[in-house]
Every structure is written in structure tokens, then in C-alpha cells.
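Biologist: Please take a close look at one loop of this model and describe the polar contact found there. Then set that loop in the context of the surrounding helices, the core and the open space of the fold.

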Amino acid sequence: MTSDSVEPGTVRPGGRTARVRAAVLRAAGDALAEHGLAGLDLADVARRAEVGRTTVYRRWGTPANLVADLLTDMAEQSLPRTETGSLPGDLRANARLVQRTLADARQGALFKAMIAAATCDAQAAAALRRFYDTRVAEWEPCVRQAVERGELPEGTDTHEVVRAVSAPLYYRLLTTGEPLDEAAADRAAEAAVAAARAGVFAPTGH
């Protein structure tokens, strides 16, 4: 089985195949940011990437497959966590990273398009879950270490704390249109810390 015939995102191709994939995913991201999911056309992506249409259609087949592979690549390339030595500092760093990403004109539009794709395609939805599972797992040790230091109750759901940091920022991106600035990021982090310290993310009785 060749890398062109396997499910997108399941192999790490090398050489020319890797260069083609990188060019196509870059072009797909540009197209999504400019036109959204409705404007994602494989022929246009091939033109932007300067590769043959046949290559794009054979490897990805549908726009949803392309979105799924783009999410896989973004998870692989995502930045590592920042550790400051305190829970408020760590979660503030996480919130500001999310804020900078979503406030960026290209990246914000890209995430809107990919979330839209996930609402109507199972493969894109699975890829989106994998992306966020990867990001939450990257930052979860910051919360686990806080539990070990005694900053948070035993049994705190560390993954839920990380999710609580970014949730208000995505809400602004997708619904209210309110500014995605550092102040919003800091409030999101502070709210998550306060809730975690109050035992909101721990089992009843802790």
C-alpha cells in the first residue's frame, strides 16, 4: 500500500511525498482562512500548491479529508507547554497561547472553518477531537503537578481544568465577536484557577 492510498494523517511520509503534503496543507489552510469550508475546492488547492490535481484527488479525495489531515498536521506541529512553577502562571501561559492563535486573522478564520467542517463530517470531527486531545494532554501535567504540590484538591479532573481555560476564548471567537485580547485570556485563566481551587473539578466530598 502506498502513502497515496492510506487514510490521510496515518503516515509520516518522507522526501517528495512530505514536500507535496506540506505544500497542499499550507494551500488548504490559506483557502480555508480566505473562503471558509464552503469555498474549499481541491482543484483550487492543487493550483495554489503547484501540484497536480490528480495527486490531490487521489490522496485526499474530499475537502473533509483534507481538513482532517490539516488538523493532524497542526497537532503534530503545535507548540509545547510553558511551565512557570505555579498553576496561575501555567494556565495564564496556556490562555495567552490560545488567545494569540485565535486572535490571529489567518488562524482564527482557519479554526472557524475547521470547526464548521467538524459539525457536518464525522472524519473531520474525529480529527478535531484528536487535535484538542493532543493539546489538552500537552498542558495537563501543569495541573497534575499543582495537585501534587497541594494547590488543588485531590481527584481534580486535570483535563477539565485545561479545557476550562480555552472554552471562554472559543466562545468569543464563535459567538460574541468580543475582543480576543490578553485581558480576556487572563480572566479565563483566573476563572479556571478559582474554580479548580474551589473543588469544582474534583469529586463531591473533596
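Modeller: In this predicted model, the backbone oxygen of Pro153 and a polar atom of the Thr156 side chain are 2.7 Å apart. Thr156 belongs to the loop that connects H7 and H8. Its relative accessibility is 9%, so Thr156 counts as buried, the limit being under 20%. Leaving aside residues up to four places away in sequence, Thr156 is in contact with Val147, Val161, Phe201 and Ala202.

The setting of this loop is an all-helical fold. The protein has nine helices and zero strands, and the order of elements from the N terminus is α-α-α-α-α-α-α-α-α. The C-alpha trace extends about 60 × 40 × 30 Å along its principal axes. Of the 206 residues, 47% are classed as buried. Among contacts between residues at least 6 apart in sequence, 69% link residues at least 24 apart.

The two helices that flank the loop also take part in the nonpolar core. The largest such core comprises 65 residues, and Val24, Leu91 and Met114 have the most contacts inside it. At least two residues of this core come from each of helix H1 (15-35), helix H2 (42-49), helix H4 (63-77), helix H5 (87-103), helix H6 (105-118), helix H7 (122-148), helix H8 (158-176) and helix H9 (182-197). The greatest contribution is that of H7, with 11 residues. Such an arrangement has a general background: in soluble globular proteins, nonpolar side chains tend to be buried together. Met114 illustrates the packing: beyond residues up to four places away in sequence, Met114 touches Leu32, Val67, Leu70, Leu71 and Met74.

H7 and H8 appear again around the open space of the model. The largest pocket encloses about 770 Å³. Its lining consists of 33 residues, and those nearest the centre of the pocket are Thr101, Phe111, Phe131, Arg135 and Tyr170. H1, H4, H5, H6, H7 and H8 each provide at least two of the lining residues. Here too H7 gives the most, with seven residues. H7 is therefore the leading contributor both to the core, with 11 residues, and to the lining of the largest pocket, with seven.

The cysteines can be treated briefly. Cys142 has 0% relative accessibility and is therefore buried, whereas Cys120, with a relative accessible area of 58%, is exposed. The structure contains zero disulfides.

A second enclosed region is H2. Six of its eight residues are buried, so H2 is largely enclosed by the rest of the structure. These buried residues are Leu42, Ala43, Asp44, Val45, Ala46 and Ala49. Their cover includes H1, helix H3 (53-59) and H4. At the N-terminal end, H2 is capped by Asp41, which places a side-chain oxygen 3.1 Å from the backbone nitrogen of Ala43.

After H2 comes Glu50, located in the loop between H2 and H3. The phi of Glu50 is positive, near 60°, in a residue other than glycine. Glu50 has a relative accessibility of 74% and is therefore exposed. This loop residue thus contrasts with Thr156: Glu50 is exposed, while Thr156 is buried.

One further set of contacts involves H1, the helix that holds Asp30. With a relative accessibility of 30%, Asp30 counts as partly exposed. Residues up to four places away in sequence aside, Asp30 touches Arg48 and Arg106. Asp30 and Arg48 are 18 residues apart along the chain, and their C-alpha atoms are separated by 8.9 Å.

To return to the loop of the request: Thr156 lies between H7 and H8, with a side-chain polar atom 2.7 Å from the backbone oxygen of Pro153. Its contacts include Phe201 and Ala202. The two helices on either side of the loop each supply at least two residues of the largest nonpolar core and at least two residues of the lining of the largest pocket.

Definitions and conventions: Residues numbered from 1 in each chain as written. Predicted model: local features only at pLDDT ≥ 70, side-chain atom pairs only at ≥ 80, totals over all residues. Heavy atoms only, no water. Core = buried A, V, L, I, M, F, W, Y, C linked by side-chain atoms within 4.5 Å. Buried < 20%, exposed > 50% of the residue type's maximum accessible area, 1.4 Å probe, protein only. Helix = DSSP H or I, 4+ residues; strand = E, 2+ residues; numbered from the N terminus. Contact = heavy atoms within 4.5 Å. Polar contact = N/O pair within 3.5 Å; in protein donor to acceptor, adjacent residues only side chain to side chain. Disulfide = S-S within 2.5 Å. 1 Å grid on protein atoms, 1.4 Å probe; cavity = no way out; pocket = protein on both sides within 12 Å on 5 of 7 lines; lining within 4 Å. Points joined across faces, edges and corners; volume = space filled by probe spheres on them.
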